[in-house]
Amino acid sequence: GNPGTTLAKRMIYTEYVMDKFNSFTDQKEGAAINYEVEYVLYGNKSDMDNLTAAIFSIATIRSGTNMVYLLTDSDKRSAAYNVASTLVGTAKIEPLIRAIQFTLMYLWAYAEALMDVRILLEGKEIAIAKSDETWQLTLPKLLSMELDGDAPEQKGINYENFLRFLMYLADDGKKSAHTMDLVELSMSKKRGEKFRLKNYIYGMEATAAYSVGGKYYYTEKAVYSY
């Protein structure tokens with residue numbers, strides 16, 4: 001299909017899901033399950049599994065932007081190099097030092113991303129791109145696995161914005177199936193009886209063939225459902 005049309009449909013569908021269903025930071029009354037948007041994305045049976053999947057997806061995305069910042073911050077880059085050089089020891093093999101340096105920087109970026117997600121889950125926003133002022137985790141704390149920090153108030157993107165982005169990327173068929181699950185579960189709870197959408201869907205498919213002047217033949221396929 002047309003890429004523009006596909007994108008428009010995904011945007012409309014995403015806004016429908018975000019408006020009608022709840023998420024970790026947007027609890028709505030009468031929800032079928034605790035984290036519905038996360039279920040639409042991942043379809044796990046457990047609320048916690050869906051939330052965990054969302055957390056790690058966001059952390060993976062955020063770690064990329066964090067890594068870009070680290071590469072531009074000469075002080076942090078040098079600090080990682082110095083630790084890597086110490087780990088290598090007296091051999092001072094430069095390629096090995098560089099490999100350890102960039103591995104350490106990626107771990108640093110990912111750990112910082114997990115701290116960013118913690119802010120998001122508190123219902124707050126994080127800046128689109130990192131700066132020295134918004135960076136939370138020091139290298140010594142990373143090495144001692146003390147993943148805590150005190151980030152300043154930020155404006156930018158929130159948890160719901162990340163869920164929207166993930167929804168754009170998710171498989172359309174899976175999203176639709178998981179959404180139907182939630183509709184059925186919600187209707188079952190309201191009615192006090194088992195509800196299945198398939199019992200309320202009817203359709204017809206027809207194909208017509210015709211010719212013009214006995215020379216050109218055409219077929220037309222039509223599908224109707226309600």
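Visitor: Starting with Tyr106: what is its relative accessible area?
Guide: Keep in mind that this is a predicted model. Tyr106 lies in helix 5 (residues 94-121). Buried would need under 20% and exposed over 50%, so Tyr106 ends up partly exposed, with a relative accessible area of 39%.

Visitor: How many aromatic pairs does the count come to?
Guide: Two rings pair if their centres lie within 6.5 Å. By that rule, the number of aromatic pairs is six.

Visitor: What kind of aromatic pair do Phe24 and Tyr35 form?
Guide: Their ring centres are 5.5 Å apart and the planes meet at 50°. Stacked needs under 30 degrees and edge-to-face needs over 60, so the pair of Phe24 and Tyr35 counts as tilted.

Visitor: How many residues apart are Phe24 and Tyr35, and which of the two is buried?
Guide: Phe24 and Tyr35 both sit in the loop between helix 1 (3-20) and helix 2 (36-42), 11 residues apart. Phe24, at 28% relative accessibility, is partly exposed. With the buried cut-off at under 20%, a relative accessible area of 13% makes the buried one Tyr35.

Visitor: And what is the angle between the ring planes of Tyr106 and Tyr110?
Guide: The ring centres of Tyr106 and Tyr110 are 6.3 Å apart, and the pair is tilted. Both residues belong to helix 5, four residues apart, or about one turn of the helix. The angle between their planes is 35°.

Visitor: Which residue caps the N-terminal end of helix 4?
Guide: Helix 4 (residues 74-88) has 15 residues and spans 21 Å from first C-alpha to last, close to the 21 Å expected. At its N-terminal end, a side-chain oxygen lies 3.1 Å from the backbone nitrogen of Asp75. That oxygen belongs to the cap, Asp73.

Visitor: Which helices help cover the buried residues of helix 4?
Guide: The buried residues of helix 4 include Ala80, Val83, Ala84 and Val88, along with Lys76 and Ser85. The cover over these buried residues includes helix 3 (47-72), helix 5 and helix 6 (139-143).

Visitor: Which side chain does the side chain of Asp116 make a polar contact with?
Guide: Asp116 lies in helix 5 and is buried, because its relative accessible area is 0%. Beyond its neighbours within four places in sequence, Asp116 is in contact with Arg62, Asn66, Ile126, Lys130 and Gln136. The polar contact, at 3.4 Å, is with the side chain of Asn66.

Visitor: Which backbone nitrogen does the Glu36 side chain reach?
Guide: Glu36 is in helix 2 and counts as buried at 5% relative accessibility. Leaving out residues up to four places away in sequence, Glu36 touches Lys20, Phe21, Asn22, Ala31 and Leu182. At 2.9 Å, its side chain reaches the backbone nitrogen of Asn22.

Visitor: Which members of the largest nonpolar core touch the most other members?
Guide: One of them is Ile58, which touches Val117, Leu120, Tyr159, Phe162 and Leu166, not counting residues up to four places away in sequence. The core holds 28 residues, and those touching the most other members are Val37, Ile58, Tyr159 and Leu163.

Visitor: Which helices each supply at least two residues of this core?
Guide: Nonpolar side chains tend to be buried together in soluble globular proteins. Here, the helices that each supply at least two residues are helix 1, helix 2, helix 3, helix 5 and helix 7 (159-169).

How values were computed. Residues numbered from 1 in each chain as written. Predicted model: local features only at pLDDT ≥ 70, side-chain atom pairs only at ≥ 80, totals over all residues. Heavy atoms only, no water. Buried < 20%, exposed > 50% of the residue type's maximum accessible area, 1.4 Å probe, protein only. Expected span 1.5 Å × (residues − 1). Contact = heavy atoms within 4.5 Å. Polar contact = N/O pair within 3.5 Å; in protein donor to acceptor, adjacent residues only side chain to side chain. Core = buried A, V, L, I, M, F, W, Y, C linked by side-chain atoms within 4.5 Å.
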